[in-house]
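Please give me a guided tour of this model: tell me what to select next in the viewer and what is there.

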Amino acid sequence: MNREGGKLGANVPPPQIPLWGKVREISVSALEDGTAYAAIDTHRIDRFHPLMLKTHDYGKSWEEIGNGLPSDQFASVVRADPKKAGLLYAGTDAGAYVSFDDGAHWQSLQQNLPTAWITDLLVHDGDLIAGTEGRGIWVLDDVAPFRQIAPGMASEGAHLFTPRMAYPVHTDNNQDTPLPPPEPLGHNPPARD
């Protein structure tokens, strides 16, 4: 990893990477200096289990963070959330996952996503975008609730999350193509001047 604006550099290969293992993705934390996450693809050497690593000391030491991911899926991508430290997203050859505790545990994000190889992940404007191998793009709208999850919250019972900013949309802005009469339409608040 590199510090001092590129003046200093160090060779910091993680010792956990097997021979012919491929570093598919490195995600550097925007919030914590010296923190990075790596997804190691080992399927070409017939190792079909997830290998993901993290460092908090500029690569001097690396720790495995695949606990909770299915043991028969290999890792393709890991991304650190740009707004909340320790919130991670991962993609494997069969789905998407989230970790709220810096990779110590993982949970499925599959929902309505078909079984697909997730090859890239991006958090953009509060949405999680997953690029898949041969299936297209999948978008999980609004990760704001993920950013609000705190330790011990599950034992609280019900919790009300703060939604992200919403903007009113006025359907009558285009006067030359109105909606057909049988189309159900709710009433929006009056337009502001």
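**Stop 1: D102 and K54**

Select D102 and K54 and show their side chains: a polar contact of 3.0 Å joins the two. The model is a predicted one.

The contact is also a salt bridge, with the closest N and O atoms of D102 and K54 3.0 Å apart. Colour by secondary structure to see where the partners sit. D102 is in the loop between β9 (96–99) and β10 (107–108), while K54 belongs to strand β5 (residues 51–55). The pair links distant parts of the chain, 48 residues apart.

Is D102 buried or exposed? D102 is buried, because its relative accessible area is 12% and the cut-off for buried is under 20%. K54 counts as buried too, at 11% relative accessibility.

Now show what surrounds D102. Leaving aside neighbours within four places in sequence, select Y37, K54, H56, I65, G86 and L88; D102 is in contact with each of these.

**Stop 2: R79 and its two partners**

Next, select R79 and E25. These two residues form a salt bridge in which the closest N and O atoms are 2.9 Å apart. R79 is in strand β7 (residues 75–80) and E25 in strand β3, so the pair links parts of the chain that lie 54 residues apart. Both R79 and E25 are buried. For R79 the relative accessibility is 18%, which is under the 20% cut-off and therefore counts as buried.

Keep R79 selected and add D120. Here too there is a salt bridge, and the closest N and O atoms of D120 and R79 are 2.9 Å apart. D120 lies in strand β11 (residues 118–124) and R79 in strand β7, so this bridge ties together parts 41 residues apart in sequence. D120 is partly exposed, with a relative accessible area of 35%.

With the three side chains on screen, which residues do the shared salt bridges join into one network? The network consists of E25, R79 and D120, joined by salt bridges that share partners. In the whole structure there are four salt bridges, among them D102 with K54 and R79 with E25.

**Stop 3: a patch on the surface**

Switch on the surface and select V23, I26 and V28. Together they form a nonpolar patch with about 270 Å² of accessible area. V23 is placed in strand β3 (residues 22–28). Why does V23 count as partly exposed? The reason is its relative accessibility of 40%, which falls between the cut-offs of 20% and 50%.

**Stop 4: the whole chain**

Clear the selection and return to the cartoon. How many helices and strands does the chain have? There is one helix, and there are 13 strands. Following the sequence from its start, the strands come one after another and the helix comes at the end, in the pattern β-β-β-β-β-β-β-β-β-β-β-β-β-α.

Colour by accessibility next. Of the 193 residues in the chain, 37% are buried. The accessible surface comes to about 12100 Å², and carbon and sulfur atoms account for 54% of that area.

Finally, display contacts between residues at least 6 apart in sequence. Of these, 41% join residues at least 24 apart. The salt bridges between R79 and E25, 54 residues apart, and between D102 and K54, 48 residues apart, are places to go back to with this view on.

Key: Residues are numbered from 1 along each chain as its sequence is written. This is a predicted model: local features need pLDDT of at least 70, side-chain atom pairs count only at pLDDT 80 or more; totals for chains, interfaces and linings use all residues. Side-chain values use heavy atoms; hydrogens and water are left out. Helices (H or I, at least four residues) and strands (E, at least two) are DSSP runs, numbered from the N terminus. Buried means under 20% relative accessible area, exposed over 50%, partly exposed in between (1.4 Å probe, protein chains only). Contact means heavy atoms within 4.5 Å. Accessible areas come from the Shrake-Rupley method with a 1.4 Å probe; for residues, only the protein chains shown count as cover. Patches are made of residues with over 30% relative accessible area and no salt bridge: like charges are joined within 9 Å, nonpolar side chains (Val, Leu, Ile, Met, Phe, Trp, Tyr) within 5 Å. A polar contact is a pair of N or O atoms within 3.5 Å; within protein, one must be able to donate a hydrogen and the other to accept it, and residues adjacent in sequence count only if both atoms are side-chain atoms.
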